[in-house]
Amino acid sequence: MMLPITCPLCGRESEFPVEALAEGAVFACPVCKVTLTLHGHMWEEIKADIERLKEKEGGRPGSAGEAPGV
Ligand SMILES: [Zn+2]
């Protein structure tokens with residue numbers, strides 16, 4: 001499953017495998033070569049995009065059992 005992420009530096013959209021995206025993971029833009037650690041509000045936005053993508057892909061409802069930490 002690939003998630004399009006818009007680079008905050010150059011504004012180009014690139015696709016990254018969802019499996020590689022986690023809090024603290026490094027996002028590397030193939031266009032401008034910037035590397036960013038996913039945390040804070042950028043990670044919050046990506047996390048929300050991943051959730052939306054999973055819902056769109058019709059994932060197994062209720063099987064994840066992952067409760068929000070807060
Ligand atoms: Zn970039």
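Reader: Hi! How many helices and strands does the chain have?
Author: Hi! In this predicted model, the chain has one helix and four strands.

Reader: And what pattern does the chain follow along the sequence?
Author: Reading along the sequence, you get β-β-β-β-α.

Reader: Cool. Which strand pairs with β1, and in which sense?
Author: Strand β1, residues 2–6, pairs with strand β2, residues 13–17. The two are antiparallel, with five bridges between them.

Reader: Which residue is the bridge partner of Thr-6?
Author: That's Glu-13, in β2.

Reader: What about the hairpin, how many residues sit between the strands?
Author: Six residues lie between β1 and β2 there. Gly-11 in that hairpin takes a positive phi near 80°.

Reader: Switching to Ser-14. Where is its place?
Author: Ser-14 belongs to strand β2.

Reader: Why does Ser-14 count as partly exposed?
Author: Ser-14 has 16 C-beta neighbours inside 10 Å, so it counts as partly exposed. A buried residue would need 20 or more, and an exposed one would have 12 or fewer.

Reader: Which residues does Ser-14 touch, leaving out those up to four places away in sequence?
Author: Ser-14 touches Ile-5, Cys-7, Cys-29, Pro-30 and Val-31.

Reader: And how far apart are the C-alpha atoms of Ser-14 and Ala-28?
Author: They are separated by 9.7 Å, while Ser-14 and Ala-28 are 14 residues apart along the chain.

Reader: Back to the whole chain: what share of the residues count as buried?
Author: Of its 70 residues, 3% count as buried.

Reader: Last one! What share of the contacts with a separation of 6 or more comes from residues 24 or more positions apart?
Author: Those residues account for 26% of such contacts in the chain.

Notes. Residues numbered from 1 in each chain as written. Predicted model: local features only at pLDDT ≥ 70, side-chain atom pairs only at ≥ 80, totals over all residues. Contact = placed C-beta atoms within 7 Å. Pairing = 2+ DSSP bridges.
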